[in-house]
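Subject: A structure for you to look at

Hi,

Here's the structure I promised to pass on. Have a look at it first, then read my notes below.

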Amino acid sequence: MADIRLEGVGHSYDGGRTWAVRPTTWTWRSGRAYALLGPSGCGKTTLLNIISGLLTPTEGRVLFDGRDVTGVPTAGRNIAQVFQFPVLYEEMSVYDNLAFPLRNRRHPKKDVDRRVREVSRLLGLDPVLGRRSRRLDPGRQQIVCLGRGLVRPEVAAVLLDEPLTVVDPALKWTLRSKLKEIHRDTGHTLIYVTHDQTEALTFADEVVVVNEGAIVQAGEPAELFLSPAHEFVGHFIGSPGMNVLPAELAGGVVRVGGTAVGAGGELPEGPVRIGVRPEFVAVGGAPASPGAPARVTGVDRMGAYDLVHAVVGDHPVIARTEAGAGYAPGEAAFLHFPADRTFLFRDQVRCGSLAPLSEGGAG
Ligand SMILES: Nc1ncnc2c1ncn2[C@@H]1O[C@H](COP(=O)(O)OP(=O)(O)O)[C@@H](O)[C@H]1O
Ligand SMILES: [Mg+2]
């Protein structure tokens with residue numbers, strides 16, 4: 001296992017016109033389980049292929065425990081990679097497929113058998129160990145690929161590129177918890193690529209969020225939820241995502257339309273955007289600071305909770321309230337934006353918090 005460091009790593013497929021991965025510096029720490037989360041086309045596979053050596057980056061260096069491997073091919077990097085769709089030896093048995101990476105590296109026969117059986121048991125492959133891989137459905141074949149990725153105890157890292165795409169949804173949950181179990185057992189460094197926030201949040205110790213070829217924030221699931229550092233993280237994580245309100249900061253006061261909603265602290269004057277998750281917006285009958293007068297436009301009854309849709313001026317805001325809170329379309333209400341959960345953004349990046357207005361400070 002190794003710390004994997006990317007130093008100014010960037011990649012362009014078109015001779016530098018556009019970046020699939022913008023120059024990035026980042027370290028994957030040995031033994032951790034990471035999710036690499038972002039929408040389709042944001043550069044996840046490119047990043048993974050740079051780590052495994054399938055791709056040489058246009059710029060920057062890749063270091064394994066300080067050793068420069070930028071020019072070293074995949075075979076010399078001691079990496080296991082699982083792709084989105086099954087890649088295995090179809091004419092071989094499941095057992096032989098699982099054993100292949102170990103035999104290939106001349107592990108003793110006894111160790112091969114022990115390890116294959118461990119992985120097979122964990123992934124529920126025992127009933128099909130003797131079967132030819134070709135005879136399995138694609139979901140099962142992919143589980144064999146997972147097994148092959150996890151079978152070598154000494155790899156520097158296991159890279160998984162949306163590995164559960166072809167697997168039945170019901171089985172996904174089970175496999176993900178198996179993966180966690182195997183991770184706890186082996187202490188592999190795992191990098192699990194997905195575009196699905198639930199998959200990322202339930203799997204990883206640390207979630208690395210990518211947008212348009214750049215890492216915009218990395219952290220534990222709770223941190224990304226409670227304290228988004230970038231508007232994209234606010235939108236992409238959470239359901240519904242973070243509310244964003246365009247505002248103007250002048251004389252220390254943040255206004256939406258003409259209405260003072262809070263204080264902007266020491267930030268320079270100019271346009272800002274207020275970000276607050278629906279979970280933290282409180283709806284009430286009395287003014288509160290920071291907060292704003294609003295009009296309710298609709299209510300979604302979700303069963304366990306309600307989503308109250310409102311407008312502040314022309315700007316939509318969603319609040320998550322307890323079920324049956326009783327708000328109705330057309331009703332006037334005050335929205336409260338708690339100071340510790342309401343952030344200010346500029347150029348999509350968090351730059352401060354929305355503070356309460358002091359007495360008479362509303363000007
Ligand atoms: N082999 C390639 N040649 C040219 N462009 C590519 C190639 N692979 C990916 N891209 C482009 O690079 C960007 C990032 O792609 P990719 O890393 O596959 O994203 P993701 O895995 O997050 O969906 C996309 O705009 C994609 O179209
Ligand atoms: Mg991809």
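Before we get to the sheet, one bit of vocabulary: two strands count as paired if DSSP finds at least two bridges between them. More broadly, strands of a sheet pair through backbone hydrogen bonds, either parallel or antiparallel. Also keep in mind that what you're looking at is a predicted model.

So, which order do the strands of the open sheet take? There are six of them, running 13-12-11-14-20-21, with antiparallel pairing. At the edges sit strand 13 (259–263) and strand 21 (349–353), and each of these pairs on one side only. Going from one strand to the next, the twist averages 40°.

Zoom in on the strand 21 edge. Its partner there is strand 20 (residues 342–346), and the two are joined by four bridges in the antiparallel sense. If you'd like one bridge to find on screen, try Arg-346, whose partner in strand 21 is Val-349.

Now for another part of the chain. UniProt, in an unreviewed entry, lists residues 4–237 as "domain: ABC transporter". That span is 36% helix and 24% strand, and its end C-alpha atoms are 26 Å apart.

One residue to click on is Lys-172, which belongs to helix 5 (residues 169–186). What does Lys-172 touch, leaving out residues up to four places away in sequence? The answer is Leu-164, Val-167 and Glu-199. I also checked Lys-172 against Gly-31: they are 141 residues apart along the chain, and 23 Å separates their C-alpha atoms.

Have fun exploring!

Notes
Residues are numbered from 1 along each chain as its sequence is written. Chains are lettered from A and ligands numbered from 1 in the order in which they are written. This is a predicted model: local features need pLDDT of at least 70, side-chain atom pairs count only at pLDDT 80 or more; totals for chains, interfaces and linings use all residues. Side-chain values use heavy atoms; hydrogens and water are left out. UniProt positions are given in the numbering used here, feature names are shortened, and annotations may be inferred rather than shown by experiment. Axes are lines fitted to C-alpha atoms, for helices over the stretch in contact, and angles run from 0 to 180 degrees between N-to-C directions. Contact means heavy atoms within 4.5 Å.
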